[in-house]
Amino acid sequence: MSSSTTAPGSSALTEAGPLSLCEREPHVPADRLVAEMVPPPRFDSVRFSTYIPDPNQPSQSEAVTVLEGFAAGLGGAHASGAGRRGFLGFGRAKAPKTPAGPRGVYLDGGYGVGKTHLLASLWHATPAEPSRKAFGTFVELTNLVGALGFQQTVQTLSEHRLLCIDEFELDDPGDTVLVSTLLGKLVEAGVALAATSNTLPGKLGEGRFAAADFLREIQGLSAHFRALRIDGEDYRHRGLPEAPAPFTDEQVAKAAYATDGASLDDFPHLLEHLAKVHPSRYGALTDGLTAVCLTDVRPVPDQSTALRLVVLADRLYDREVPVLASGLPFDKLFSEEMLKGGYRKKYFRAISRLTALARDAKGLVGS
């Protein structure tokens, strides 16, 4: 095959062929889980200044102003003096003073309004060393507790100035209680909190989780949070073209062979493989990939499989890995029953993110 058929931005066909997600079984040590609690690569460069508020949604501009002030208030000494000998300053000339007002913010809005952008911007704007502030999804936080144990997790995170939790999962009562208890310990230690959340089962409505419900679920922590409503439409659909139609198996395979660092897998086989890998390892599963190529995309067979696919879609989106596919378009992945059920917000988010990554992958296919 001549170089003229090579996809833009890729090399000629590699002799070794593409990689395969189905052949990867990553193991992630606990110290990596801690070190990686930073905004994902997609949000490395985001700042409050790069968030473009919708002029028709004044709540977006207001949220930026409030969060900038919140970040500025986190400067100086650790809020409670935790982790420093001499509680409340006994034995010292001066005690660090706990700032007045809520020690947490909750970003309340539907998917695609830029909550993660704002949460990552808060992390970047907080005046502390990266090792003193943490950013992760609810799933990543529960995985950290599983890897380190509850007490060690409390001890590790208590030295932090800020903990940002994206996509707080409120559909598992056990995990919600676990994390709420953890956050209670961290608040006592003076750690500031920021969170976004997902929808509880049965909370259909407008595709968002109401702040009042979030505050009720975290019970005793509610007094520590100020809720910021962020109205708006999914930004990934604002003025963007429709999702590209799926390509043929031949086009997908050709692009995979022509792109260094691309993977190529049959979609049904990949879904089977995801059941063998803990979701906490899905990020590591995608390490080093420049593109994910999938053939024979079809509807997911059941809810457990669908939820695993949601986690994979999140990790690919975080890492800006384009997804090239044949078969059905991504808006046909989930059944009507799933899209009307309690996890509908997760499925719509996955569709939105995979569609964005499919647009990114169009350049992999030569003319």
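What share of the contacts in the protein chain with a separation of 6 or more is accounted for by residues 24 or more positions apart? The share is 84%. The model is predicted. Its protein chain holds 367 residues, and buried residues make up 51% of them. The chain contains 13 helices and eight strands.

Confidence varies along the chain. The mean pLDDT is 81, and 77% of the residues reach 70 or more. Two stretches fall below 50. Over residues 1-14 the pLDDT is below 50, and this stretch has 25 contacts in the model beyond near neighbours in sequence. Over residues 199-208 the pLDDT is also below 50. Here the model has 32 contacts beyond near neighbours in sequence.

Helix H2 covers residues 58-72. Its 15 residues, at 1.5 Å a residue, should span 21 Å. The C-alpha atoms at its ends are 22 Å apart, which agrees with that expectation. Several H2 residues are buried: Ser59, Gln60, Ala63, Val64, Val66, Leu67, Phe70 and Ala71. An α-helix has 3.6 residues a turn, so residues three or four places apart point the same way. The buried residues of H2 pack against one helix, H3 (115-125), and against strands. Those strands are S1 (104-108), S3 (162-168), S4 (192-197) and S5 (225-229).

The pairing of H2 with H3 can be described by its geometry. The two axes come within 9 Å and cross at roughly 30°. An angle under 35 degrees counts as roughly parallel, so H2 and H3 are roughly parallel to each other. H2 passes H3 in a right-handed crossing. On the H2 side, the contact is made by Ala63, Val64, Leu67, Phe70 and Ala71. On the H3 side, Leu118, Leu122 and Ala125 take part. The five H2 residues in this contact are also among the buried residues of that helix.

Helices H4 and H5 form another pair. H4 spans residues 138-148 and H5 spans residues 150-157. They pack at an angle of about 115°, with their axes 7 Å apart. Their crossing is right-handed. Leu141, Leu144, Val145 and Leu148 in H4 meet Phe150, Gln152, Thr153, Thr156 and Leu157 in H5.

Later in the chain, helix H11 (residues 303-318) packs with helix H13 (residues 344-360). Their axes come within 9 Å and cross at roughly 45°. H11 and H13 are therefore oblique to each other. H11 passes H13 in a left-handed crossing. From H11, the residues involved are Gln303, Ala306, Leu307, Val310, Ala313, Asp314, Leu316, Tyr317 and Asp318. They meet Lys346, Tyr347, Arg349, Ala350, Arg353, Leu354, Ala356 and Leu357 of H13.

A single strand residue, Val297, was also examined. Val297 lies in strand S7, which covers residues 291-297. Its relative accessible area is 2%. Buried means under 20%, so Val297 is buried. Leaving aside neighbours within four places in sequence, Val297 is in contact with Phe267, Ala325, Ser326, Gly327, Leu328, Phe330 and Leu333. Phe330 shows how sequence and space can part ways. Val297 and Phe330 are 33 residues apart in sequence, yet their C-alpha atoms are 8.0 Å apart in space.

Key:
Residues numbered from 1 in each chain as written. Predicted model: local features only at pLDDT ≥ 70, side-chain atom pairs only at ≥ 80, totals over all residues. Heavy atoms only, no water. pLDDT = per-residue confidence, 0-100. Contact = heavy atoms within 4.5 Å. Helix = DSSP H or I, 4+ residues; strand = E, 2+ residues; numbered from the N terminus. Expected span 1.5 Å × (residues − 1). Buried < 20%, exposed > 50% of the residue type's maximum accessible area, 1.4 Å probe, protein only. Axes fitted to C-alpha atoms, helices over the stretch in contact; angles between N-to-C directions. Parallel < 35°, antiparallel > 145°, perpendicular 65-115°, else oblique. Left-handed = near helix turned anticlockwise from the far one by under 90°.
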